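Subject: A structure for you to explore

Hi there,

Here is the structure I promised to pass on to you. Have a look at it first, and then read my notes below.

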Amino acid sequence: MAALFTKFHAFFLFILLLSFALQVVSGEDSQCVTDSTHGCHDKSKALKLNLIAIAAILIFSMIGVCLPLFTQSFPALNPDSKAFSIIKAFASGVILATGYMHVLPDSFACLQSDCLPRHPWKKFPFSTFVAMVSALLTLMLDSLAMSYHTAKPKARADFGSSSDLKKAAATTELHTTAGNGELVHNDSHTKLLRHRVVAQVLEVGIVVHSVVIGLSLGASHNPCMIRPLVIAMCFHQLFEGMGLGGCILQADYKLKMNMIMVFFFSITTPFGIALGLCLSNIYSENSPIALIVVGVLDAASAGILNYMALVNLLAVDFMGSKLQQNVTLQMLAFLAVLLGAGGMSLLAKWA
């Protein structure tokens with residue numbers, strides 16, 4: 001399964017690169033010019049800031065996504081603890097706000113741009129439509145993945161094969177009923193499989209918008225825009241990484257799979273910046289194809305993030321027995337969600 005996941009990421013990055021290649025081809029023919037860089041256009045200074053951004057965002061991304069993984073050394077912060085529930089609620093709020101306050105507005109800005117023809121782009125709400133379809137497709141993928149791994153014993157055994165999954169499989173009670181031979185599975189095994197599907201689908205949504213925002217940052221020659229955006233992006237990646245890291249921790253992969261997921265999360269934004277730097281002389285963010293590609297990708301990413309945050313993170317935790325049986329913990333978790341969503345919403349002023 002780890003190999004399949006790696007191949008999927010490689011294919012997905014190929015599609016993104018192909019999309020950006022189309023943007024570059026269309027950039028030279030762009031007839032839409034804006035004055036957004038007027039008075040603050042310094043290519044050499046922008047290059048220095050972007051190189052700093054690559055290093056800083058990479059470090060903050062790695063710290064954010066690795067921080068929850070290191071909590072395994074502290075019993076008070078294990079996935080079954082109250083403290084972990086509060087931290088996860090905060091991170092879930094961050095992911096929710098990322099979709100609603102950062103990614104979806106960017107899609108609106110692209111697909112409602114004056115550089116696109118009025119028909120059909122201003123006659124139909126494409127951003128929300130794509131986000132809705134993306135959320136429904138995520139639901140379908142989510143459901144089919146769980147059905148596959150629940151129905152196939154061999155797939156369950158191969159799905160990451162960490163020590164805890166083997167333990168869960170070993171403790172799974174399989175009872176054959178006299179009537180229809182139906183299998184009854186232990187809940188712990190199903191939960192672990194569920195956490196793994198959630199972690200992988202969530203990372204896909206994060207990877208999309210990380211590459212897109214990195215490309216825009218790297219292609220910019222405007223130091224006045226880059227400077228505050230780098231600071232905001234560092235905090236953005238830190239908190240978002242904590243949310244993903246918490247999901248990876250609950251998925252309980254082996255070290256190799258953990259490293260693969262940490263690597264893809266940490267490298268995507270710096271990769272996008274580096275790609276933007278390489279294409280900065282020919283890439284036009286205001287070309288029609290560039291606006292459409294980025295707008296659609298952002299909307300799709302927003303749909304994935306919003307679905308994952310509401311359905312697979314917040315709803316699962318708040319409707320689960322742990323919070324339902326402890327009103328005080330439930331209120332603290334609500335407060336953590338509001339703090340996470342509020343803080344990330346505040347960052348939307350700059351990023």
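Of the 351 residues in the protein chain, 49% count as buried. Please keep in mind that this is a predicted model. The chain exposes about 17,100 Å², and 70% of that comes from carbon and sulfur atoms.

As you turn the model around, you will meet 13 helices and zero strands. Among contacts between residues at least 6 apart in sequence, 84% join residues at least 24 apart.

Next, the charged pairs. Side chains of opposite charge can pair when their charged atoms come close. How many salt bridges does a search of the whole structure find? The search finds three, and here they are in turn.

Asp142 and Arg194

The side chains of these two residues meet in a salt bridge, with 2.6 Å from N to O. The pair links distant parts of the chain: Asp142 belongs to helix α5 (residues 126-151) and Arg194 to helix α8 (residues 187-219), 52 residues apart. Is Asp142 buried or exposed? Its relative accessible area is 2%, under the 20% cut-off, so Asp142 is buried. Arg194 has a relative accessible area of 24% and is therefore partly exposed.

Asp317 and Lys88

Here the side chains of Asp317 and Lys88 form a salt bridge of 3.4 Å, again given from N to O. This pair also links distant parts of the chain, with Asp317 in helix α11 (residues 288-318) and Lys88 in helix α3 (residues 82-111), 229 residues apart. Lys88 is buried, because its relative accessible area is 10%. Asp317, at 25%, is partly exposed.

Lys122 and Asp114

In this salt bridge, the closest N and O atoms of Lys122 and Asp114 are 2.8 Å apart. Asp114 has a relative accessible area of 69%, so this residue counts as exposed. Lys122 is partly exposed, with a value of 28%.

One more residue to find

Try selecting Asn258, which sits in helix α10 (residues 255-279). With a relative accessible area of 13%, Asn258 is buried. Which residues does Asn258 touch, not counting those up to four places away in sequence? They are Ile248 and Tyr253.

A nice way to start is to display the Asp142 and Arg194 side chains, which meet in a salt bridge, and then follow helices α5 and α8 outwards from there.

Enjoy exploring, and write back with any questions!

Best wishes

Methods. Residues numbered from 1 in each chain as written. Predicted model: local features only at pLDDT ≥ 70, side-chain atom pairs only at ≥ 80, totals over all residues. Heavy atoms only, no water. Salt bridge = Lys/Arg side-chain N within 4 Å of Asp/Glu carboxyl O. Helix = DSSP H or I, 4+ residues; strand = E, 2+ residues; numbered from the N terminus. Buried < 20%, exposed > 50% of the residue type's maximum accessible area, 1.4 Å probe, protein only. Contact = heavy atoms within 4.5 Å. Areas by Shrake-Rupley, 256 points an atom, 1.4 Å probe, with all protein chains shown as cover.
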